[in-house]
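Thanks, everyone. Let's go straight to the model and walk through it together.

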Amino acid sequence: MIVDKQLFKELRKEGGGLFNEFQSTAKIESNHEEIKDGDPCNVYIVPKGVLIDITFGKKICIYFNDIQDISVNDSKIVIASADETTKLNIASQKNINLIYNKIRENCGLEPENIKIPTKKEIKNVLKAEKNKEKEYIKEHICEFNSMNGLPVSQGSTVKIEKLEDKILITAGTYIQEIKYSEIVNIENRTFIEEKIKNKSTVGRAVTGGLLFGGVGAIVGGMTGGQKKEVNKKFGFEITYLKNGIQTKIVLEEKLFKFNSDKFMKSILETANQIPIASTNNTDISVVDIADQIKKLSDLKDAGIITEEEFQQGKDKILQQ
C-alpha cells in the first residue's frame, strides 16, 4: 500500500535506521495504477514489512501480515497481497536470496536457496538458442525470387521451409503447402534474358535439365546478326500434382544463396522416398506436352527463336 512520507519515515526508524536495516536497490513492477513499471527504487526490510522507496516517486509499505504469497520468477521477487502484486527486479543474486528469505522468515515460512542464473549464463543460453535457430534456418529454410506459377508478382521473395511431410511456401501473405508425395520432379533452370540494342526488346528463354543429371531441351538464341545483351540467371522448376494435374512453380535463385542447389536436392530426395500420389497419367502427359509447346510458342512470338527452331523443338517434344 502507498503511505505518506511521515509514516514511511517512522517505519524505517523502527527498523533501526540506516545502519541496522537490510536494504538493496531494485526496479519495481506493480499492478497499482500509480506505480510505473521499471522505476528504480530502494528496498528496506523492517520489523513490520517491506518498505519500497521509489526514486522521485511514491513510498510503499507491504506489511508482512498482508502478504499471501512470495516467490521468485524470472529473477524477480514476486510479492502477492490481497489487492496488489509487486515484483522487485534485484540485480544481485546474493541480495535476491537475502531479501527473499528475510521476507519468508518474517512471514513464518522456511528459507529457500534460490539459484538465479548469472548474466554470463543467461548470455550463453541465449547464444545457444540463437545458434540453434540459425542452424535450423540453414538446413530447413531457403529463399528464392518468384518467376512463375505463384499468384505473386515476378521477383517477389519466396521462402520455402522443409517440414516433416511437406514443404511450406510463403510469399508475403500468400501461403501454400505441397506434400512430398505430390512432388513429381525438381529441375535446374537457366534463365537467359536477351535485350536487342536500340530496340528495347527483351526476351527470356528457359533452358536446363534434371537436378540429378539429364539434358533438357536447348532453346536457340536470337538470329539476324543484331547486337544483344545477354544476362543469365539460375533457378529451379518444381513440378507437383495439384488436383491430379501436373503444375509447375519456377523460382529464381537469389544472389549469394549458395546452398539453394543442396536445399532443392534434399527436398527431391525426400520426395523420391515417398510414392507419388495416384493420378491419371494420361491427363498429366497431355497437360505437360501442351505446356512445353506453349512455352516454345511464346519464345517464338517474342522473337527469341525462329519458326524453324520452334518446329524442331515441337517435334522433339511430341517424340518423347
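Which residues of the largest nonpolar core touch the most other members? They are Ile28, Val50, Ile52, Ile77, Ile79, Leu88 and Ile103, out of 23 residues in that core. Keep in mind that this is a predicted model.

Where does the core come from? At least two residues each are supplied by β2 (22-30), β3 (39-46), β4 (49-54), β5 (59-63), β6 (67-73), β7 (76-81) and α2 (93-106). The largest share is from α2, with four residues.

Now zoom in on Ile52. Set aside its neighbours within four places in sequence. Ile52 then contacts Phe8, Ile28, Cys41, Asn42, Lys58, Lys59, Ile60, Ile62, Thr86 and Leu88. Two of those names, Ile28 and Leu88, you have just heard in the core list. There is another core, apart from this one. That one has 22 residues, including Val158, Ala171, Ile178 and Phe263.

Next, the sheet. It is open, with eight strands and antiparallel pairing. Read the order across as β1-β5-β4-β3-β2-β8-β7-β6. At the edges sit β1 (2-3) and β6, each pairing on one side only.

Look at one pairing inside it. β2 runs antiparallel to β8 (residues 85-89), and four bridges join them. In this part of the sheet, Glu29 stands opposite Lys87 of β8.

Two helices pack on this sheet. Helix α1 (residues 5-14) touches β1, β3, β4 and β5. The direction of α1 makes about 55 degrees with that of β5. Helix α2 touches β2, β3, β4, β6 and β7. The direction of α2 makes about 160 degrees with that of β6.

On to a residue further along the chain. Phe310 sits in helix α6 (residues 307-319). Is Phe310 buried or exposed? Buried, because its relative accessibility is 7%, and the cut-off for buried is under 20%. What does Phe310 contact, beyond neighbours within four places in sequence? Ile293, Leu296, Ser297, Lys300 and Ile305. Leu299 is 11 residues away from Phe310 in sequence. From C-alpha to C-alpha, Phe310 and Leu299 are 8.3 Å apart.

Last, confidence. The mean pLDDT is 81, and 81% of the residues reach 70 or more. One stretch to flag is residues 212-223, where pLDDT is below 50. Beyond near neighbours in sequence, that stretch still has 28 contacts in the model. Where pLDDT is low, predicted coordinates should not be read in detail. So treat those contacts with that in mind.

Methods: Residues numbered from 1 in each chain as written. Predicted model: local features only at pLDDT ≥ 70, side-chain atom pairs only at ≥ 80, totals over all residues. Heavy atoms only, no water. pLDDT = per-residue confidence, 0-100. Contact = heavy atoms within 4.5 Å. Buried < 20%, exposed > 50% of the residue type's maximum accessible area, 1.4 Å probe, protein only. Core = buried A, V, L, I, M, F, W, Y, C linked by side-chain atoms within 4.5 Å. Pairing = 2+ DSSP bridges. Axes fitted to C-alpha atoms, helices over the stretch in contact; angles between N-to-C directions.
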